[in-house]
Amino acid sequence: MKGLFFFFSPFSLMFLYLLCISFTAETEAGLRNGDGVYIVYMGSASSAANAYRAQILINTMFKRRANDIVHTYKHGFTGFAARLSAEEAKVIAKKTGVVSVFPDPNYQLHTTHSWDFLKYQTAVKIDSSPPSSPEAGSYDSIIGILDTGIWPESESFNDKDMGPIPSRWKGTCMEAKDFNSSNCNRKIIGARFYKSSDDDSEYFTTRDVIGHGTHTSSTAAGSAVENASYYGVASGTAKGGSPNARIAMYKVCNPGGCAGSSILAAFEDAIADGVDVLSLSLGAPSYAHIELNTDPIAIGAFHAVEQGILVVCSAGNDGPNGGTVVNTAPWIMTVAANTIDRDLESDVVLGGSKVIKGEGIHFGNVSKSPVYPLIHGKSAKSADASESSARTCDYGSLDQEKVKGKIVLCENFDGSSYASSASDEVKSKGGIGCIFVDDRTRAVASAYGTFPTTVIDSKEAAEIFSYVNSTKYLQDPVATILPTVTVEKFTPAPSVAYFSSRGPSSITRSILKPDITAPGVAILAAWTGKDTSISLEGKPPSQFNVISGTSMAAPHVTAVASLIKSLHPTWSPSAIRSAIMTTDLISTVNYPSIGISGYKGNENKTVSRTVTNVGGDGVAVYMVSVETPPGFSIQVTPEKLQFTKDGEKLTYQVTVSAGDGSLKKDVFGALTWSNAKYKVRSPIVISSETSTTN
């Protein structure tokens, strides 16, 4: 990746934010929540004073209660997690050197073909063959993944043709009752798990019992597996975006969630182990609005970046409302989810052979001819159900006698219903299939097992309603739901997935979040080998699964970062981030994007950016072009950047002005520096204190 780069210092960003955050000595959350596990954060591990103070605290408070210490932190940052009373937490928060004390939070997961699609959407080359020489970049990148563990027997983690484990690797392969050192190889070079106070002992293993960590790991760095599919759906060669990268799994999540103290412990280990990139597909709920000094991900990521490790995180699945994005610390690369050009289509055929396009994964054994009676949920309501609940096919809303043997048309008219629950209700009452109307989820295929279920949009639904209500048909309306087929080169794509959390950041509108979007809809990747919950009756568990979420998007970006790191091992996290975001913070921070918040109108506001010439051609000239929002003027000075050598840095200013003082909605623009070989684009967002995102 060559061209112009933006570089920023995570340390300046942290300093700026620490000025903005109130580091109260008393932990009000501790007083509210009472006794439990607390995290005591004491800053950088590079300070001998911090390490000394942490050890003194541990020695004095836990001399006779060593079992109350859950984790100690000393690589990259200093502190510990321990079982404390609210009063003890209050006392510790007042101690010299203590930055923050907060209850251990519980975070949640953000739950082949995508790489074939992505390689046409980015300037980064997706190539499964390793570099052939040091000059070509023979550096073996190591991806650390904080997740639910890994299923090592998956063919996606075979180490065929991989070279020796990098000598710089200092990690380990922790053994457990169902995971031993032989489960690691030249692909999975590290495996750690973390004991949470609330976990059952059966989870004290790096083996994945959920599937999520196996899926994200194989998406980022899985070896190529031919003829992969989910029971024939989405078939093809499944491969990670960086198939030559090594994987280090840090299991921080179990069915009950992801403990913040374990997340910090994993960051601690990953820094010491020597990973190059860290990937997290988990986070806090959007409504939490956690401050940076009490967010384990923000704290751990800051110190990882301090050690030269890029941290990639999912943006969350609380969209499409604005202000729902999480993992928004400016030193984190935050990833939203988009669709790809593949549709998992399950069509509806009406009487008269009219075909209605639908979306869904099912393996129903029904006639391909429209021979089944079709009924609207409203017309099949049970005696004690409301008309609205019957329209959405809520639990218990349908009459079994009216539904039995029929296909039921259900609607998400209130915006809070899902096809899976409607399908379950129809199935429980003896129905043949379910057609669910939902503009929101039409582009996101879900799996419904063997019960025929498909999702259609409201435009297509209008034709079905017209057919059902028509008086020109002498017979009752009939339909069928066709089996799922995979449609390639589907358009439009990419588009942001409805569930993907949106900005602006709750921290500040001056930093644009999410940073980037990547494939996160209906992604096929490896799964645990014994998950009967996704199995079809009479068939063995699938070794692959198709799921959606920003969880699936983050490892795509992680893989691209890994590829760049393997080609340019000396590049910093900010250089790699800039290469990805610009493809070829606060307004004074040298961030690749430009956010101007608190704009009052009738004023000029100027920000500066510094770029570095890494094009490899020495002398280079770039001209600027600007996409200006309506009603605004954007002036870039200078309009031409003239570099005389590689590595040279040049600064430019962007001045924004507007004639109209009112700004009711956020407005968007961009500037692009380009020459004959490269284009470097930076998005621009302008907002006021009262403007909205919609």
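**Rings, an annotated site and a helix**

Colleague: What makes the charged end of Arg207 count as sitting over the ring of Trp151?

Modeller: In this predicted model, the charged end of Arg207 is 4.6 Å from the centre of the Trp151 ring. The distance limit is 6 Å, with CZ of Arg also within 35 degrees of the ring normal. The charged end of Arg207 therefore sits over the ring.

Colleague: Which ring does Arg440 lie over, and at what distance?

Modeller: The ring of Tyr418. Arg440 lies over its face, 4.5 Å from the ring centre. That value is within the 6 Å limit too.

Colleague: How many aromatic pairs are there in the whole structure?

Modeller: The search finds ten. One of the pairs is Phe62 with Phe80.

Colleague: Why is the pair of Phe62 and Phe80 called edge-to-face?

Modeller: Their ring centres are 5.9 Å apart, and centres within 6.5 Å make a pair. Their planes stand at 80°, and over 60 counts as edge-to-face. So edge-to-face is the right name.

Colleague: What makes this a link between distant parts of the chain?

Modeller: Phe62 is in the loop between helix H3 and strand E3, while Phe80 is in strand E4. They are 18 residues apart. Both Phe62 and Phe80 are buried.

Colleague: Which residues form one aromatic cluster?

Modeller: Tyr230, Tyr231 and Phe363.

Colleague: Now the annotated site. Which residues does the "active site" annotation cover?

Modeller: The unreviewed UniProt entry lists Asp147, His212 and Ser551 under that name. They are spread over 405 residues of sequence, yet they cluster in space, with a largest C-alpha distance of 10.0 Å.

Colleague: Why is His212 called buried?

Modeller: Its relative accessible area is 3%. The limit for buried is under 20%, so His212 qualifies. His212 is in helix H6, residues 212-221.

Colleague: How do you know that Ser551 is buried?

Modeller: Ser551 has 0% relative accessibility. That is under 20%, so Ser551 counts as buried. Ser551 is in helix H13.

Colleague: What joins the side chains of Ser551 and His212?

Modeller: A polar contact of 2.8 Å. The cut-off is 3.5 Å, so the distance fits. Beyond its sequence neighbours, His212 is also in contact with residues including Asp147, Ser281 and Trp527. Ser551 has contacts of its own, among them Thr216, Ser281 and Ser314.

Colleague: How do you know that the length of H13 agrees with its 18 residues?

Modeller: At 1.5 Å a residue, the expected span is 26 Å. The end C-alpha atoms are 26 Å apart, so expected and modelled spans agree.

Colleague: What makes H13 largely enclosed by the rest of the structure?

Modeller: The count of buried residues. It is 17 of the 18 in H13, so the helix is largely enclosed.

Colleague: Why is Ser242 counted as buried?

Modeller: Ser242 has 4% relative accessibility, under the 20% limit, so it counts as buried. Ser242 is in the loop between strands E10 and E11. The residues touched by Ser242 include Ala559, Ser562 and Leu563.

Colleague: Why is Ala620 called buried?

Modeller: Its relative accessible area is 11%, again under 20%, so Ala620 is buried. Ala620 is in strand E32, residues 620-627. Its contacts include Leu641, Gln642 and Phe643.

Colleague: How far apart are Ala620 and Ala676, in sequence and in space?

Modeller: They are 56 residues apart in sequence and 9.7 Å apart in space, C-alpha to C-alpha.

Definitions and conventions
Residues are numbered from 1 along each chain as its sequence is written. This is a predicted model: local features need pLDDT of at least 70, side-chain atom pairs count only at pLDDT 80 or more; totals for chains, interfaces and linings use all residues. Side-chain values use heavy atoms; hydrogens and water are left out. Rings of Phe, Tyr and Trp (its six-membered ring) pair if their centres lie within 6.5 Å; planes under 30 degrees apart count as stacked, over 60 as edge-to-face and the rest as tilted. Helices (H or I, at least four residues) and strands (E, at least two) are DSSP runs, numbered from the N terminus. Buried means under 20% relative accessible area, exposed over 50%, partly exposed in between (1.4 Å probe, protein chains only). UniProt positions are given in the numbering used here, feature names are shortened, and annotations may be inferred rather than shown by experiment. Contact means heavy atoms within 4.5 Å. A polar contact is a pair of N or O atoms within 3.5 Å; within protein, one must be able to donate a hydrogen and the other to accept it, and residues adjacent in sequence count only if both atoms are side-chain atoms. The expected span of a helix is 1.5 Å times one less than its number of residues. Lists of a residue's contacts leave out its neighbours within four places in sequence.
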